[in-house]
Structure formats: C-alpha cells, structure tokens
Amino acid sequence: MPRHGKKFLEARAKVDREHEYAPAEAIALVKEAKTAKFDESVEVHIRTGLNVRHADEQLRGTLALPHGLGKDVTVAVFAQGQKARDAEAAGADFVGGDDLAKKVEEGWTDFDVAVATPDMMPTVGRLGRVLGPQGKMPNPKVGTVTEDIEKAVADSKAGKVEYRTDRQAIVHMAIGKASLSADQLLDNFITVMEEIIRAKPSAAKGRYIVTCTLTTTMGPGIRVDASKVGDRDEVAAAPQAAEEPATA
C-alpha cells in the first residue's frame with residue numbers, strides 16, 4: 001500500500017468517502033482539498049455500466065468546455081505544404097510531416113492535441129503505439145483528421161476536449177485547473193455530465209452512470225451524486241470554502 005503524505009491525509013479527512021455530494025458541494029471540496037503547490041488539474045472519473053466489448057456500447061466524442069481547461073493547449077499538426085502554413089497561421093505549436101512523425105515515434109509527446117490532414121494518416125497511423133495510450137491519436141470521428149486544419153486548431157485552442165470509455169468502461173477527463181473559480185469548474189463539470197448523458201448509446205442496458213468522482217492531481221477522490229447534475233444551486237458556503245487555501 002502506498003503511503004500518503006500529511007497534506008493528503010488532512011485533505012482526505014475533510015471528505016466523507018461514502019457520501020455522494022451535490023455537484024456544487026463537490027466542487028467546493030475539490031477546491032478546499034487541493035494539496036500541491038502547483039496549479040493542479042481537476043479531473044472527473046465516470047464509471048459507466050457499458051459493456052465496451054460491444055462496439056455499439058462504446059462511448060467517444062468531443063465537447064467544448066465553456067471556460068476551457070484554464071491552461072494553454074498545445075497543438076501538434078501533421079500536414080504539408082499549404083495545409084502546414086494554414087496550421088501555423090492558426091496558431092499550431094508544432095507543425096511537420098515525416099520529421100514530426102519521426103520525433104513522436106522516438107517518444108516525444110509534449111503536446112495536448114494532435115491534428116492531421118487525411119493525406120498524412122498513412123504516416124501518422126504508425127504512431128498509434130505512442131499516441132493511442134495517451135488519447136492523442138488523430139481521429140476523423142472527433143474532428144482531428146480533417147482538411148479544415150484552421151478550424152481544428154482553433155477548436156482545440158478554445159478548449160475542445162475528447163472523451164471516451166477505457167477498457168474498464170470509465171471516462172477520465174480533465175475539466176480545468178484548480179485555479180479556475182468554483183462557478184467555472186461547476187459549469188465545466190455540468191457541461192461534461194450533460195454531454196455524457198446525451199451521448200448514452202442506444203444499446204446500453206441497466207444502470208448507465210454507476211459512479212462519478214471528482215479529484216485533483218494530488219488530492220482525494222470526492223464522490224458526486226450524478227442525479228443532481230441538473231441542479232446548479234450553489235451551497236451558501238461553497239464560494240468561501242472554495243477560496244480558502246489548502247491546509248499546509
């Protein structure tokens with residue numbers, strides 16, 4: 001069993017691990033329970049009841065977070081010629097063809113989103129071993145394999161994020177940095193949950209959302225009552241709790 005530090009244990013003591021909190025309460029606790037000196041990411045982990053061995057029960061898509069991720073999103077574009085120039089003009093951080101692919105094949109992945117033109121996919125397709133496990137593989141279904149490179153770069157920079165179920169039928173997503181306000185994080189969280197509910201596969205059987213947990217990079221998990229996602233009412237103490245610094 002890994003040993004946790006004093007700050008983590010103090011943060012965990014504030015959380016009732018058996019209780020499912022209303023979304024606003026959970027966000028306030030996430031803000032209060034952050035422990036690291038750096039700006040931690042706030043993550044949501046949604047365990048679904050989907051049988052992902054069946055293709056018609058897999059979940060995958062994209063959405064735009066209303067307040068972005070609270071960080072600069074770095075975009076790598078695999079393109080050549082005019083499309084490469086379009087990508088650079090749109091603000092892509094890294095642009096290249098075979099040279100960029102070779103760099104990634106050697107293990108370099110210092111970017112958040114990868115976009116490719118269709119003609120580059122025979123080359124990019126070889127990078128699945130590196131990009132696939134990180135969820136960065138360009139995919140036409142989510143708009144990252146496209147001729148409209150400028151739009152794909154702009155959408156990615158604006159906070160468009162991808163979601164999908166993993167092999168355990170869990171969706172893992174960052175919803176922003178802990179430095180975002182409680183209201184901004186709540187908006188982002190509700191946007192994610194509404195999209196996951198909207199995208200429920202028609203073939204799904206039984207309970208769809210089994211558990212929903214919010215956490216920060218270094219903080220404890222906080223269970224959320226997913227049935228209250230439509231309730232945006234703030235807890236009176238939430239804004240004050242949200243702005244309190246983490247216990248030293």
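Q: Two strands pair if DSSP finds at least two bridges between them. In S5, which residue is the bridge partner of Ala76?
A: This is a predicted model, with residues numbered from 1 along each chain as its sequence is written. Local features need pLDDT of at least 70, side-chain atom pairs pLDDT 80 or more, totals for chains, interfaces and linings use all residues, and side-chain values use heavy atoms, without hydrogens and water. S3 and S5 run parallel and are joined by 4 bridges. The S5 partner of Ala76 is Ala114.

Q: Which residue in S4 does Ala76 stand opposite?
A: S3 also has bridges to S4, residues 94–96. There are 3 of them, and the two strands run parallel. In S4, the residue opposite Ala76 is Phe94.

Q: On S3, which buried residues lie on the side opposite Val75 and Val77?
A: Both faces of S3 are covered. Val75 and Val77 are buried (under 20% relative accessible area, 1.4 Å probe, protein chains only) on one side. Buried on the other are Ala76 and Phe78.

Q: How many helices and strands are there in the chain?
A: Both are DSSP runs, numbered from the N terminus: helices are H or I, at least four residues, and strands are E, at least two. The chain holds 9 helices and 9 strands.

Q: In the open sheet of 4 strands, what is the strand order?
A: The pairing in this sheet is antiparallel. S8, residues 209–216, is joined to S9 by 2 bridges. One bridge pairs Thr213 with Arg223 of S9. The order is S7-S1-S8-S9.

Q: Which strands stand at the edges of that sheet?
A: An edge strand here has a single partner strand, so one side of it is left without a neighbour in the sheet. That describes S7 (170–177) and S9 (222–223).

Q: Which helix gives the largest share of the largest nonpolar core?
A: A nonpolar core is a set of buried Ala, Val, Leu, Ile, Met, Phe, Trp, Tyr and Cys residues joined through side-chain atoms within 4.5 Å. The largest one has 52 residues, and Val44, Ile46 and Phe189 are among those with the most contacts inside it. The largest share of this core, 8 residues, comes from H8.

Q: Apart from that core lies another; how many residues has it?
A: Trp108 and Ala116 are among its members. So are Met120 and Met137. This other core has 15 residues.

Q: Which cysteine is in contact with Val44, leaving aside neighbours within four places in sequence?
A: Contact means heavy atoms within 4.5 Å. Val44 touches Val171, His172, Met173 and Ile175, among others. Its partners also include Phe189, Val192, Thr213 and Leu214. The cysteine in the list is Cys212.

Q: What covers the buried residues of H7?
A: H7 spans residues 149–157, and its buried residues are Ile149, Ala152, Val153 and Ser156. Their cover includes S3 (75–78), H3 (81–90), S5 (113–116) and S6 (160–164).

Q: Which residue with a positive phi follows H7?
A: Its phi is near 105°. The residue is a glycine, Gly159.

Q: What is the relative accessible area of Ala169?
A: Ala169 sits in the loop between S6 and S7. Its phi is positive, about 65°, although it is not a glycine. Ala169 is buried, with a relative accessible area of 4%.

Q: Of the 248 residues of the chain, what share count as buried?
A: Among contacts between residues at least 6 apart in sequence, 75% join residues at least 24 apart. The buried share of the chain is 46%.

Conventions:
Buried < 20%, exposed > 50% of the residue type's maximum accessible area, 1.4 Å probe, protein only.
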